[in-house]
Amino acid sequence: MSGENFLFSVFAILTCVSALAVVLSQTVVRMAFWLVISLGSTAALFFLANADFVGAAQLLIYVGGTLVLLVFGVMLTASGPYMKIGTSAGETVVAGLLGLLFLFVVFACIGGVEWRKPVTGSADNIATGAVGNTLRPLGLSFLGVRPDADLATGKPPEASGYLLPFEIVSVHLLVVLIGASYLARAKRRAAPVGQ
Amino acid sequence: MAAGLNAYLLVGAVLFVCGVICMATKRNGIGVLMGVELVLNGANVNFVAFSRYTDLGLDGQIFSLFVIVLAAAEAAVALAIALNFYNNHLTIDVDRANKLKG
């Protein structure tokens, strides 16, 4: 077993087990902890798939930003650190059965499809996702230049960059931040339940 | 387990199913949000795997970056809504959110 396969097995098992632990945990704080483990090992899987920039972004934005936001939400809303959110036994059984059925369907679909053959790093694919070192090609494609598609022979020249979606996402983030701060500002103190 | 396209897709499928079950069974609003994060991560794993193991090129990684950014935005808005709901109801149990029911 090569080193890459060993590392992939370790992080894949860690990802799946901690995702399962997120589902099975009964308190929100433990769910957040297992979610950190799951997202961190997903970032390790990204690094193993030669997607270095995506892995770094996953660590920075997801684990460093979104999950801190979630933990703040838990702190601000939970009435106790170990608030139970348990479901009844019947719901658990039904959810488990449905999940296993759904998982079986998805596995059957994955196994039944003949995917396109993997690329063998040829000289034309100077910056495909298979090679790694993706920082410069990703930045260029966000600016509208596609060195991997424009310069490669045999590919249609109309392959374009992602300048417009990049700008749309930027404005979208600005609007979302303004809207979130507008929604979350404290207008009045909470009225007791039942009034 | 050898690292290949199918192995990555299986990991993504497990993440997706766990997220869906988490969304369906958790009664805490933050828990539902964590399920959404798991689902988006499963999609990200698939994107990166296709970018690595097929001739898709960089498009998969670009899409996964967009997914990460949009997930951050969605978490911010959903947390603001959850805080607002908590301010009004002193709980974020999603079963209690029945004010709009006719």
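Let's start with the nonpolar core. In this predicted model, the largest nonpolar core has 64 residues. Three residues have the most contacts inside it: A:Val22, B:Cys18 and B:Met34. Who supplies this core? In chain A, helices α1, α2 and α3 each give at least two residues, and α1, α2 and α3 of chain B do likewise. The largest share comes from α1(B), with 13 residues.

Now the two chains, one at a time. Chain B has three helices and zero strands. From the N terminus, the order is α-α-α. Its radius of gyration is 17 Å, and the globule rule gives 13 Å for 102 residues, so chain B is more spread out than a compact globule. Look at the C-alpha trace: along its principal axes it spans about 50 × 25 × 25 Å. Even so, 57% of the 102 residues of chain B count as buried. What about contacts along the sequence? Take the contacts in chain B with a separation of 6 or more: 48% of them join residues 24 or more positions apart.

Chain A next. It has seven helices and zero strands. Read from the N terminus, the run is α-α-α-α-α-α-α. Buried residues make up 24% of its 195 residues. Of the contacts in chain A with a separation of 6 or more, residues 24 or more positions apart account for 46%.

On to the contact between the chains. How many residues does each chain put in? Chain A gives 73 residues and chain B gives 67 residues. On the chain B side, the elements that give two or more residues are α1 (5-25), α2 (29-53) and α3 (59-89). Of these, α3(B) gives the most, with 24 residues. By type, the chain B side divides into 47 nonpolar, 15 polar and five charged residues.

Let me zoom in on two residues of chain B. The first is B:Val20, in helix α1 of chain B. Is B:Val20 buried or exposed? The cut-off for buried is 20 or more other C-beta atoms within 10 Å. B:Val20 has 21, so it is buried. Not counting residues up to four places away in sequence, B:Val20 touches B:Val39 and, across in the other chain, A:Phe102. There is also B:Leu38, 18 residues from B:Val20 in sequence. Their C-alpha atoms are 8.2 Å apart in space.

The second is B:Phe63, in helix α3 of chain B. B:Phe63 also has 21 other C-beta atoms within 10 Å, so it counts as buried. B:Phe47 sits 16 residues away along the chain, and the C-alpha to C-alpha separation is 7.2 Å.

Back to chain A, and two of its helices. Helix α2 covers residues 28-48. At 1.5 Å a residue, its 21 residues should span 30 Å; the end C-alpha atoms are 30 Å apart, so the two agree. Its buried residues include A:Val28, A:Met31, A:Leu35, A:Leu39, A:Thr42 and A:Phe46. For the spacing, remember that an α-helix has 3.6 residues a turn, so residues three or four places apart point the same way. What do the buried residues of α2(A) pack against? In chain A, they meet α1 (3-24) and α3 (52-77); in chain B, they meet α1 and α2.

Just after that helix comes A:Asn50. A:Asn50 is in the loop between α2 and α3 of chain A. Its phi is near 65 degrees, a positive value in a residue other than glycine. Most residues other than glycine have a negative phi. With 19 C-beta neighbours inside 10 Å, A:Asn50 counts as partly exposed.

Then α3(A). This helix has 26 residues and reaches 36 Å from first C-alpha to last, close to the 38 Å expected. Where is the kink? It is centred on A:Leu67, and the angle is about 30 degrees. A:Leu67 is itself one of the buried residues of α3(A). Others among them are A:Phe53, A:Tyr62, A:Leu70 and A:Val74. The buried residues of α3(A) pack against α2 and α5 (135-142) of chain A, and against α2 and α3 of chain B.

To wrap up, back to the core: 64 residues, with helices from both chains each supplying at least two.

Notes:
Residues numbered from 1 in each chain as written. Chains lettered and ligands numbered in written order. Predicted model: local features only at pLDDT ≥ 70, side-chain atom pairs only at ≥ 80, totals over all residues. Contact = placed C-beta atoms within 7 Å. Helix = DSSP H or I, 4+ residues; strand = E, 2+ residues; numbered from the N terminus. Nonpolar A, V, L, I, M, F, W, Y, C, P; charged D, E, K, R; others polar. Expected span 1.5 Å × (residues − 1). Buried ≥ 20, exposed ≤ 12 C-beta atoms within 10 Å, placed from the backbone. Rg over C-alpha atoms; globule rule 2.2 N^0.38 Å. Bend = angle between axes of the 7 residues up to and from the residue. Core = buried A, V, L, I, M, F, W, Y, C linked by C-beta atoms within 7 Å.
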